[in-house]
Amino acid sequence: MNCDDIRRELEPYVNGELDDDAAMQVAEHLRDCGECSLRHAQMSRLAQRLKGLTDAYRPIRDFEEGIMQVKQPGARHERPQREGFWRARGWAAAAAVLALCLIGAVVVASVPALARQLPLPVGSRLGDLETTSKQAQLQNHQMQGQIDKLKIEIKDIRSKLVSVIQTSKNPLSADVNYAVQSVVMQFVEAQYAGDLKKMKSLSTPAMQAEIDAHPQDYLRDKSGQVTFAQMTDVSKSGDTYLEFVRLIDTKTFNESQYQEDFELLKVGDRYLVNVEGMDA
Amino acid sequence: MDDRFLVARARAGDDSAFAALIKAHERSLYCTALSLLRSSWEASDAVQEAFLEAYSKLQTLREPAKFRPWLARILVNICYQMLGRGRRTVPVEEVPERAAHVFIGSEESLDLMAALRSLDEEHRWVVALRYFHDLKVDEIAAIMDCPAGTVKSRLNRALEKLNARLAGTIQKEVAE
Ligand SMILES: [Zn+2]
């Protein structure tokens, strides 16, 4: 066989798919031909790297849960749609910043130092890495700069000490922050108390209807004790006030913290929850 | 654990066995969908649909030992449909968003995925089925409905192109 013939067989050779005779012929040729041997080395390396890609990308979605939902309609409805819904909101940046700051502890001493120790997985949530690697690196870099500038304060909100991370560029007044954060905290407490009435009293009409339609989506385990691990400061987008809360409870989420994302609207002089959702 | 064993248990109604099959194959499926579809979210949807279909049609799988190529074929059909659908519609505006995955690879892996996504569709398919699903040439030929010789030449061509697009990183590694 000449070099062209051999090169046609290299791909199956690298993947162990040639029969013994053919494999032997290729091996002999590779021993004597530097050019083909180099091609072989490159192809082996490339094959190895391609196989490694399946370890590099870990899908976030719980596919098993997707199946169980279809199997038991109504058991836990609409989660996949909700993911679509969340991303449509463009909350990714603030949510990612919050996620970055969250490694377990209730009080985070030094964010910049912590951020540098972060493993890649968390960092990779910062942008859609698939677009181009260069763009993603740039985003990571920019986000890192933002994190270095983040401020964390321990605040007393409704007699609870919470660490608040400043994520917004143009901070709102302390009064607005306190008012919005108080509503959010009361809402979460009502979720854990199973108090739908209280939750609705803190909600806009649209949210009230949503709670009536899917109360199970908004109620949390009543026996759980909830701790407010971290909150963002309030940021404003158009008429909407955004607030992200990181929680720990002693029941469903005792090992991992989870996040609730809130959108509030100002109605008269009150801030009311217009959208609430859980985030990973 | 062996797919055959898990398939048998799943067919007997053991959902935890199907969950194990999901865990064993989700990354291969996701990587394939990611290399073919427009966004990571679309890829995530495709994988979910593939598992749903596999779950509902598991009884129709004749040879449990062939679960892997069978599952790959389901995904291929779903991706085809999604690609076809997309061609007729205007793409949604591109907003920077979180990906549907967590990435824990090297910069080289990112470059490799980007290079793969830049190939022609026919080349992406054979590479994905070969290297993500570990299928044989004949199995790929059956799924793609083309002769085995075509699969072989597409694989060769695809790898050559990848090699060229990675602009020397492979060459350098091999030289070291
Ligand atoms: Zn040669």
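**Figure 1. Zinc ion coordination in chain A of the predicted model.** Four protein donors surround the zinc ion: the SG atoms of A:Cys3, A:Cys33 and A:Cys36, and the NE2 atom of A:His29. These donors lie 2.1 to 2.3 Å from the zinc ion. Along the sequence, the donor residues follow the spacing C-x25-H-x3-C-x2-C.

**Figure 2. Geometry of the zinc site.** The four donor atoms form angles of 101 to 115°, and the site is tetrahedral. For four tetrahedral donors, the ideal angle at a metal is 109.5 degrees.

**Figure 3. Burial of two zinc donors, A:His29 and A:Cys33.** A:His29 has a relative accessibility of 16%, and A:Cys33 has one of 14%. A:His29 counts as buried because its value falls under 20%. A:Cys33 is likewise under 20% and therefore counts as buried.

**Figure 4. Helix α4 of chain A and its N-terminal cap.** Helix α4 comprises residues 63–71. At its N-terminal end, A:Asp62 acts as the cap, with a side-chain oxygen 3.2 Å from the backbone nitrogen of A:Glu64. Within the helix, the buried residues are A:Phe63, A:Glu65, A:Gly66, A:Ile67 and A:Gln69.

**Figure 5. The fold surrounding these sites in chain A.** Chain A contains 13 helices and eight strands. Of its 280 residues, 44% count as buried. Among contacts with a separation of 6 or more, 56% come from residues 24 or more positions apart. The accessible surface of chain A is about 13900 Å², and carbon and sulfur atoms contribute 50% of this area.

Definitions and conventions: Residues are numbered from 1 along each chain as its sequence is written. Chains are lettered from A and ligands numbered from 1 in the order in which they are written. This is a predicted model: local features need pLDDT of at least 70, side-chain atom pairs count only at pLDDT 80 or more; totals for chains, interfaces and linings use all residues. Side-chain values use heavy atoms; hydrogens and water are left out. Buried means under 20% relative accessible area, exposed over 50%, partly exposed in between (1.4 Å probe, protein chains only). Helices (H or I, at least four residues) and strands (E, at least two) are DSSP runs, numbered from the N terminus. A polar contact is a pair of N or O atoms within 3.5 Å; within protein, one must be able to donate a hydrogen and the other to accept it, and residues adjacent in sequence count only if both atoms are side-chain atoms. Contact means heavy atoms within 4.5 Å. Accessible areas come from the Shrake-Rupley method with a 1.4 Å probe; for residues, only the protein chains shown count as cover. Donors are N, O and S atoms within 2.8 Å of the metal (3.2 Å for Na, K and Ca); water is not among the atoms, so sites may look incomplete. Four donors count as tetrahedral if all angles lie between 85 and 135 degrees; four count as square planar and six as octahedral if opposite donors are over 155 degrees apart and all others between 65 and 115; anything else is irregular.
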